[in-house]
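This report covers a surface patch, the aromatic ring pairs and the nonpolar core of one protein chain. The sequence and the structure come first.

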Amino acid sequence: RMIKNKHEAVCDWMMQCPKVKDLFFNFSDSKNGDIVIVPITSINDIVVMELIDGSTYRQYDYSIIQFREYTSEPNDKGNIEVLIDVEGISKWIENQNEIKNYPDFPPNCSIQKISVLPDNSGSVAAFDEYGAKYILQFRIEYIIDLDNKE
């Protein structure tokens, strides 16, 4: 088995979500339906605490950006349908945490939990005449084993 880095592991894991068809890392063309994973703390994961044995408890935060069409017509339920679809990704991730189906991090990393960050999750981050950009934010909490550093 080839050992993946955390970024590859999260991309592969997100491809299991039935709401995800085309997945990009960091950049995309901003076309309707494109989904982009953007690491927030990728260069320097946040060390929350050092454990007694010297291992570290860390956080890896990332955003999922989805580009979707929107409507400005009165009484059109299209924007509600898009938001429900975007929320489906969040619900899928919450479910994966419940059943402990986590990304396949390197062997020295032990994922403890994945949580949806409440700030701005599911909100419209920007829009123009081509569409809207929805953003969801998530956190992966994990331990790096002292004996096997990244």
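## Surface patch, ring pairs and core

On the surface, I46, V48 and M49 make up a nonpolar patch, and together they have about 240 Å² of accessible area. The model is a predicted one. Within the patch, V48 belongs to strand β3 (residues 46–50). V48 has a relative accessibility of 41%, and it counts as partly exposed because values between 20% and 50% are placed in that class.

The aromatic rings come next. A pair of aromatic rings is described by two values, the distance of the centres and the angle of the planes. Rings count as a pair if their centres lie within 6.5 Å, and the model has five aromatic pairs by this rule. Two of the pairs are set out here.

| Pair | Distance of centres | Angle of planes | Class |
|---|---|---|---|
| W13 and W92 | 4.9 Å | 50° | tilted |
| Y62 and F138 | 5.7 Å | 35° | tilted |

The pair of W13 and W92 is tilted because its angle of 50° is neither under 30 degrees nor over 60. W13 sits in helix α1 (residues 6–14) and W92 in helix α2 (residues 78–98), so the pair links distant parts of the chain, 79 residues apart. Both tryptophans fall under the 20% limit for buried residues: W13 has a relative accessible area of 1%, and W92 has a relative accessibility of 12%.

The planes of Y62 and F138 are at 35°, so this pair is also tilted. Y62 is part of strand β4 (residues 56–68) and F138 is part of strand β7 (residues 131–144); the pair therefore ties together parts that are 76 residues apart in sequence. Y62 and F138 are both buried. They also belong to a cluster linked by ring pairs, in which the other members are Y60, F105 and Y142.

The largest nonpolar core contains 30 residues. Those with the most contacts inside this core are M14, Y62, I64, I93, F105 and I140. Two or more core residues come from each of the elements α1, β2 (35–39), β4, α2, β5 (109–116) and β7. Strand β7 gives the most, with seven residues.

Which residues does I93 touch, not counting residues up to four places away in sequence? They are W13, M14, Y62, I64, I114 and F138. This list includes W13 from the tryptophan pair, as well as both Y62 and F138 from the other tabulated pair.

Technical notes: Residues are numbered from 1 along each chain as its sequence is written. This is a predicted model: local features need pLDDT of at least 70, side-chain atom pairs count only at pLDDT 80 or more; totals for chains, interfaces and linings use all residues. Side-chain values use heavy atoms; hydrogens and water are left out. Rings of Phe, Tyr and Trp (its six-membered ring) pair if their centres lie within 6.5 Å; planes under 30 degrees apart count as stacked, over 60 as edge-to-face and the rest as tilted. Helices (H or I, at least four residues) and strands (E, at least two) are DSSP runs, numbered from the N terminus. Buried means under 20% relative accessible area, exposed over 50%, partly exposed in between (1.4 Å probe, protein chains only). Patches are made of residues with over 30% relative accessible area and no salt bridge: like charges are joined within 9 Å, nonpolar side chains (Val, Leu, Ile, Met, Phe, Trp, Tyr) within 5 Å. Accessible areas come from the Shrake-Rupley method with a 1.4 Å probe; for residues, only the protein chains shown count as cover. A salt bridge is a side-chain nitrogen of Lys or Arg within 4 Å of a carboxyl oxygen of Asp or Glu. A nonpolar core is a set of buried Ala, Val, Leu, Ile, Met, Phe, Trp, Tyr and Cys residues joined through side-chain atoms within 4.5 Å. Contact means heavy atoms within 4.5 Å.
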